[in-house]
Amino acid sequence: MVVLREGMCPGLDEDLVRSLRAVDIRTVEDLVSSDMEELAMKCSVSYKALFAIRRVLLAQHAAFPVSGADLYEELLSSTAILSTGNPSLDKLLDSGLYTGEITELTGGPGSGKSQVCFGIAVHISYHLKQSVIYIDTTGGLTAGRLLQMLQTQTASTEEQMEALQRIHVLRLFDVFSLLDCLHSLHGGGLRQASVGGGSVKAVIVDSVSAVISPLLGGKQNEGMSLMIQVAGVLKTMAKDFNVAALVTNHVTRGGGGKVLPGLGVSWSHVPRTRVLLERTAAVSHPSLRSATLIKSSRQPCHIREEFDLQWWSRSKDGSAGKRKLDQMDS
């Protein structure tokens with residue numbers, strides 16, 4: 001259920017939202033299923049204005065059939081592939097991050113999820129000359145770390161500053177702030193972030209589980225609803241604005257101690273691609289990580305690649321560890 005919010009469509013202002021809530025109309029479903037004449041009288045608003053809002057909301061949230069040929073043409077014309085900057089990850093992801101989709105990095109503490117996100121943000125900003133929205137929910141991102149990565153790519157202070165200006169950082173520490181932020185970005189914030197630099201091509205949420213998992217479990221039904229709302233806005237934004245959404249998630253232990261991505265079965269249907277990051281057994285190479293493809297519509301699952309977290313911090317003429325593993329058994 002999508003909660004009614006100010007600015008969702010023309011005419012739905014703060015006063016009208018307040019009036020609707022006063023008569024227990026809180027979601028889009030509540031509004032479109034209500035009798036418009038009766039509702040207009042209760043809220044003391046114009047029937048025509050309320051009916052127009054209903055039509056817009058139906059157009060925004062109802063499903064309409066589309067032919068397979070139209071979908072294929074849209075895919076060819078709108079989809080872009082953003083390199084992560086790391087050849088091993090690009091190979092695992094079938095060339096990189098796809099716009100219009102959600103890609104998830106999952107792993108335990110110290111697995112390198114945030115470091116990979118830093119590296120991808122720097123690569124898109126500096127090498128691809130595109131803007132990135134980086135939503136930090138853990139407080140782990142620092143400008144100093146991004147600058148260190150950029151300094152290994154270019155000695156030009158001007159180029160470093162230009163790249164940093166294309167990375168827009170937002171620090172949010174609860175799911176309500178995250179939802180407000182995503183709605184704001186979808187409502188026009190992405191266009192504003194594109195002004196003065198390359199267009200926004202990636203939205204990174206590190207981490208989505210940090211603000212959602214505390215609300216799940218037990219009898220907290222609200223947490224599941226909020227999680228689905230976050231998923232819905234991310235998917236819609238990725239598709240409508242042709243951006244790649246990258247999120248990070250924690251892991252849990254299933255039966256027999258098997259490592260599983262967090263946030264449960266409902267969330268598992270949200271990302272189009274899921275990658276599990278883990279430490280390797282190479283004690284002499286502490287920055288080496290393994291990446292296993294655990295969900296994909298393009299590649300066979302259980303393919304694994306090894307890569308070095310220091311890859312994004314190497315100098316132009318340097319190198320970093322990169323090894324490939326054979327496909328694992330299912």
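**Notebook: Leu170, strand S7 and the whole chain**

I started with Leu170 and found its place in strand S5, which spans residues 167-171. A reminder to myself before going on: this is a predicted model.

**Entry 1, Leu170**

Is Leu170 buried or exposed? Neither label fits, I noted: its relative accessible area is 30%, and because buried means under 20% and exposed means over 50%, Leu170 counts as partly exposed.

Next I looked up its neighbours, leaving out residues up to four places away in sequence. Leu170 touches Ile133, Tyr134, Ile135 and Asp136, and also Cys181.

I also checked a pair that lies 101 residues apart along the chain, Leu170 and Pro271. Their C-alpha atoms are separated by 22 Å.

**Entry 2, strand S7**

I moved on to S7, residues 244-249. How many of its residues are buried? I got 6 of 6, so I wrote the strand down as mostly covered, taking buried as under 20% relative accessible area.

Then I went through S7 face by face. On one side sit Ala244, Leu246 and Thr248, and each of them is buried. The other side carries Ala245, Val247 and Asn249, which are buried too, leaving both faces covered.

Which strands are joined to S7 by bridges? I looked up two of them, S3 and S6.
- Strand S3 (residues 102-107) runs parallel to S7, and 5 bridges join the two. Here I picked out Thr103, whose bridge partner in S7 is Leu246.
- Strand S6 (residues 200-206) is also parallel to S7, joined by 4 bridges. For Ala202, the bridge partner in S7 is Ala244.

Both of those S7 partners, Leu246 and Ala244, belong to the face that also holds Thr248.

**Entry 3, the whole chain**

Zooming out, I counted 13 helices and 13 strands in the chain. Its radius of gyration is 22 Å, close to the 20 Å that the globule rule gives for 330 residues, so I can call the chain as compact as a globular protein of that length. Along the principal axes, the C-alpha atoms fill a box of roughly 75 × 55 × 45 Å.

For burial, I have 44% of the 330 residues down as buried. The exposed surface comes to about 16,500 Å², with carbon and sulfur atoms supplying 53% of it.

I looked at contacts with a separation of 6 or more as well: residues 24 or more positions apart account for 64% of these.

Last came the charges. The chain has 33 positive and 33 negative ones, and their mean positions are 5 Å apart.

Methods: Residues numbered from 1 in each chain as written. Predicted model: local features only at pLDDT ≥ 70, side-chain atom pairs only at ≥ 80, totals over all residues. Heavy atoms only, no water. Rg over C-alpha atoms; globule rule 2.2 N^0.38 Å. Buried < 20%, exposed > 50% of the residue type's maximum accessible area, 1.4 Å probe, protein only. Contact = heavy atoms within 4.5 Å. Areas by Shrake-Rupley, 256 points an atom, 1.4 Å probe, with all protein chains shown as cover. Lys, Arg positive; Asp, Glu negative; His and termini not counted. Charge placed at Lys NZ, Arg CZ, Asp CG, Glu CD. Pairing = 2+ DSSP bridges.
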